[in-house]
Amino acid sequence: QVQLVESGGGLVQPGGSLRLSCVASGFTFSSYTMRWYRQAPGKEREWVATIITTGDTRTYLASVKGRFTISRDNAKNTVYLQMNSLKPEDTAVYYCNARGAYDRTNEYWGQGTLVTVSE
């Protein structure tokens, strides 16, 4: 039973911060590259951030670079997304994604957590 369970979303004012968590189970978390995606209302899903298995390399969507930080704790099977200086355009459902670092055809998705940035 593979599961990716996101949490930490909610309503926040512009300029505020949130930390999203994604807890994985049912697969070998430490051998998977982890990513965050988001989907705003009426828009296509877009990639936000990537962290490799060891956590030593991270990449970001240009519009969030410097504001968001992806991290992982392999001992806890958890990936995080720290979001600072939030903007209304960050409003979206945020999804956790796992892809096998060795076998990239293995891919799993969480159900998403809603982040709303508004006054």
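This is a guided tour of one predicted model, moving from a sheet to its core and then to rings, charges and turns.

**The open sheet**

Begin by selecting strands β1, β3, β8 and β7, which form an open sheet of 4 strands in the order β1-β3-β8-β7, with antiparallel pairing. The edges of this sheet are β1 and β7, each of which pairs on one side only. From one strand to the next the twist averages 15 degrees.

Now look at the first of these strands, β1, which covers residues 3–7 and pairs with β3 in the antiparallel sense over 5 bridges. To see one of those bridges, select valine 5 together with valine 23, its bridge partner in β3. On to the next pairing, where β3 and strand β8 (residues 78–83) run in the antiparallel sense over 6 bridges. Here valine 23 appears again, this time standing opposite threonine 78 in β8, and leucine 20 has leucine 81 of β8 as its bridge partner.

**Threonine 69, on an edge strand**

Next, select threonine 69, which is placed in strand β7 (residues 68–73), one of the two edge strands of the sheet. Threonine 69 is partly exposed, because its relative accessible area is 33% and the partly exposed class lies between 20% and 50%. If residues up to four places away in sequence are not counted, threonine 69 touches Arg58, Tyr60, Tyr80, Leu81 and Gln82. Draw a distance from the C-alpha atom of threonine 69 to that of leucine 86, and the separation is 12 Å, for two residues 17 apart along the chain.

**The nonpolar core**

Leucine 81 leads inward, so to speak, to the largest nonpolar core, which has 30 residues; those that touch the most other members are Met34, Trp36, Val79, Leu81, Met83 and Tyr94. Colour the contributing strands to see how this core is supplied: β3, β4, β5 (46–51), β7, β8, β9 (92–100) and β11 (113–117) each give at least two residues.

Which residues are in contact with tyrosine 94, leaving aside its neighbours within four places in sequence? They are Glu6, Leu20, Trp36, Tyr37, Arg38, Phe68, Leu81, Met83, Gly112, Thr113 and Val115.

**Aromatic pairs**

Turn now to the rings, of which the structure holds 4 aromatic pairs. Select phenylalanine 27 and tyrosine 108, a tilted pair with 5.0 Å from centre to centre and 35 degrees between the planes. This pair links distant parts of the chain, 81 residues apart, since phenylalanine 27 is in the loop between β3 (18–25) and β4 (32–39), while tyrosine 108 is in strand β10 (residues 107–109). Phenylalanine 27 counts as buried at 13% relative accessibility, whereas tyrosine 108, at 23%, counts as partly exposed.

A further pair is made by tyrosine 37 and tryptophan 109, whose ring centres are 4.9 Å apart and whose planes stand at 55 degrees, so this pair is tilted. Distant parts of the chain are linked here as well, with tyrosine 37 in strand β4 and tryptophan 109 in strand β10, 72 residues apart. Is tyrosine 37 buried or exposed? At 11% relative accessibility tyrosine 37 counts as buried, while tryptophan 109, at 29%, counts as partly exposed. Before leaving the rings, add Tyr32 to the selection, because Phe27, Tyr32 and Tyr108 form one aromatic cluster.

**Charges over rings**

Select arginine 72 with phenylalanine 29, where the charged end of the arginine sits over the ring, 4.4 Å from its centre. Then select arginine 45 with tyrosine 95, where arginine 45 lies over the face of the ring at 5.8 Å from the ring centre.

**Two loop residues with positive phi**

Finish with asparagine 77, found in the loop between β7 and β8. Although asparagine 77 is not a glycine, it has a positive phi of about 50 degrees, and with a relative accessible area of 27% it is partly exposed. The last stop is serine 85, placed in the loop between β8 and β9. Serine 85, likewise a residue other than glycine, has a positive phi near 50 degrees, and at 41% relative accessibility serine 85 counts as partly exposed.

How values were computed:
Residues numbered from 1 in each chain as written. Predicted model: local features only at pLDDT ≥ 70, side-chain atom pairs only at ≥ 80, totals over all residues. Heavy atoms only, no water. Buried < 20%, exposed > 50% of the residue type's maximum accessible area, 1.4 Å probe, protein only. Contact = heavy atoms within 4.5 Å. Phe/Tyr/Trp six-rings, centres within 6.5 Å; stacked < 30°, edge-to-face > 60°. Lys NZ or Arg CZ within 6 Å of the ring centre and 35° of its normal. Pairing = 2+ DSSP bridges. Core = buried A, V, L, I, M, F, W, Y, C linked by side-chain atoms within 4.5 Å. Axes fitted to C-alpha atoms, helices over the stretch in contact; angles between N-to-C directions.
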